[in-house]
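Thanks, everyone. Please pull up the model on your screens, and I'll walk you through it.

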Amino acid sequence: MTRPKAEPAGPTGPAGQPAGPPRVAMAGIAKRFGDVVANDAADLELAAGEIHALVGENGAGKSTLMSVLYGLLAPDEGEIRVDGQPVRFRSPVDAVEAGMGMVHQAFRLFPSMTVAENVVYRAETRGTAGLLDRRAAVRAVQDLSERYGLRVDPQARVRSLSVGVLQRVEILKALHRDAQVLILDEPTAVLTPQETRLLFDVLRGLRDAGRTVVIVTHKLGEVLELSDRVTVLRDGRTVARLVTAETTGAEIARHMTGRAVDLDGHHVPGTPGAPVLHVEGLTVGPPSGRPVVDDVSLSVRAGEIVGIAGVAGNGQVELLEAIAGLRPARDGSVRVGATLLDGYSAGRRREAGIAYIPEDRAATGSAVAASVADNLAIGFHRRQPLRKGWRLDRGAVREHARRIIEHFDIKVSSPSVPAGTLSGGNLQKLVVGREMAHDAPVLLVDQPTRGVDIGAIENIHARLRAYRDAGHAVLLASAELSELMALADRLLVMFGGRVVADLARADATEENVGLAMAGLATREVAS
Ligand SMILES: Nc1ncnc2c1ncn2[C@@H]1O[C@H](COP(=O)(O)OP(=O)(O)OP(=O)(O)O)[C@@H](O)[C@H]1O
């Protein structure tokens, strides 16, 4: 298939309606999985030279629509046109040929190969004897990375690279195949603030060079900052097409949810009681060498949420895992009330009163091949009322699942479907709902709202507050500073494995927390 090369945006500009046919026009797309309607009359128009945000609640059908556009799924109904011409993609090979490129959330790269080898893989220049022309590959990567400011070393092995750089390699891969439309699924979910800034500069550069960028995201701040136009999906349908400069976060949220949403999430203080969780001198890491958690002491009171702020990779995950018993500690101790938990397995710690919502909902948090009902029974399966004698009571398991599904508004056709078919945000709600149902005195929470939509964020935040107000102790790690500001009664900042700031909520500002996150604070102690 032939197609025109990228041209800068036409005279009307990307924010207005383009003069010629849109680069991509999807009309009346329908896609069903059994009884589940993932897309139903979904429309999407993408212009050359624009950044287009695709938004909607969890399960609204965004990933499905993008999978259709990238040839991963065949639609049941509807039409796709590229530059005015009708197309039918039988596989991603057809979509790539038509100028589509996709950067998935889970990167699809070969760790043992170099950046250049990955970028040109299956689209490589071969020299005589059919061997890969490595010099040509390195040159191709250098050219592209210079043109679009995608800083990478073409000769580096992929296994040694950080998440932000891996994402750049994926973008380079798509550009090497001359993608005119670049689709990014929640591209900032795993990036540091600095990497996010770099990515945005690259995406703006691509837009200015006439390419089309589609970002699928839940972060309305990013939509407003980066995009030119917005398409909103609800229940599989397109419910709004907006020009970003002419709309507001509140309006987008209203289209997404069909109701007014409180986007600010003001902090409502709790009334803390006696300390419940005590951590003393906890140190985690190899027997010799630098610890990843370095001599951390903290306590959390009943009726209190203590937040942990920090740039990803500063020991937050390891700290929570060590408290939950999923990672051995080199030194230090953990107590719940009067019970010393040292030497206890994760299972015994759970019995002693610790519930844990992990960061990685798919790998640690759930068994994706098992049913939703069985996933919701994890941790309850040894006790009443789910266990009757030697056996699980299937009726009780279903009833238990039904209650959590309703309470957390988990979108699922039936509790018997595999958890892996849930959309990312709904899987997150499943793990949060199950762990809160334990009613444990101590709840450890890591990134509770990553990938969930604004309505669900409001719901999860309200439930975390209610959990605290019922007299439980909550230790919450989050990469979203706004989330910590809305929930935490006290804020710790981790840097290099240590707690470098301990602030009462009233003393925490985005500025002093941000400085501490960058390692620029001396320890302050909350009164
Ligand atoms: N392979 C599949 N089998 C069964 N149901 C599926 C499958 N893929 C998606 N679905 C369902 O289709 C609906 C739309 O899912 P989709 O992943 O497109 O939503 P989304 O808007 O991308 O959500 P999120 O923001 O949570 O990622 C959901 O109800 C989901 O459970």
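I'll take the domains, then the ligand shell, then two pieces of strand architecture.

One caveat up front: this is a predicted model.

Domains. The protein chain is divided into two of them. Domain 1 covers 108–173. Domain 2 comes in two stretches, 275–372 and 422–517. How far apart do the C-alpha centres of domain 1 and domain 2 lie? The answer is 37 Å.

Now the ligand. It is surrounded by 18 residues. The closest are A38, N58, S63, S423 and G425. Which elements give two or more residues to that shell? Strand 2, at 36–46, is one of them. Helix 1, at 62–69, is another. Helix 13, at 424–437, completes the list. If you care about the chemistry, here is the breakdown by class. The shell has eleven polar residues, five nonpolar and two charged.

Next, a sheet. Four strands form an open sheet, in the order 12-11-14-15. The pairing is antiparallel. Strand 12, residues 293–301, sits at one edge, and strand 15, residues 339–340, is the other edge strand. Each of these pairs on one side only. Look at the strand 15 end. Strand 14, residues 331–336, is joined to strand 15 by two bridges, and the two run antiparallel. There, R335 has L340 of strand 15 as its bridge partner. A helix packs on this sheet as well: helix 9, residues 316–324. Helix 9 touches strand 11 (275–284), strand 12 and strand 14. Its direction makes about 115° with that of strand 11.

Last stop, strand 21. That's residues 490–495. Is strand 21 mostly covered or mostly open? Mostly covered: five of its six residues are buried. Consider its partners. Strand 13, residues 304–309, pairs with strand 21 in the parallel sense, over four bridges. In that pair, I308 stands opposite L492. Strand 22, residues 498–504, is joined to strand 21 by six bridges, this time antiparallel. Here R490 stands opposite A504. Strands 21 and 22 make a hairpin, with two residues between them. Check the turn when you look at backbone torsions. G496 has a positive phi there, about 55°.

To recap: two domains with C-alpha centres 37 Å apart, a ligand shell of 18 residues, an open four-stranded sheet, and a hairpin built from strands 21 and 22. Happy to take questions.

Notes
Residues are numbered from 1 along each chain as its sequence is written. This is a predicted model: local features need pLDDT of at least 70, side-chain atom pairs count only at pLDDT 80 or more; totals for chains, interfaces and linings use all residues. Two strands pair if DSSP finds at least two bridges between them. Two residues are in contact if their C-beta atoms, placed from the backbone, lie within 7 Å. Axes are lines fitted to C-alpha atoms, for helices over the stretch in contact, and angles run from 0 to 180 degrees between N-to-C directions. A residue is near a molecule or strand if its C-beta atom, placed from the backbone, lies within 6 Å of it. Ala, Val, Leu, Ile, Met, Phe, Trp, Tyr, Cys and Pro count as nonpolar, Asp, Glu, Lys and Arg as charged, and the others, Gly among them, as polar. Domain bounds come from an automatic or database domain assignment. A residue is buried if 20 or more other C-beta atoms lie within 10 Å of its own, exposed if 12 or fewer, and partly exposed in between; C-beta atoms are placed from the backbone.
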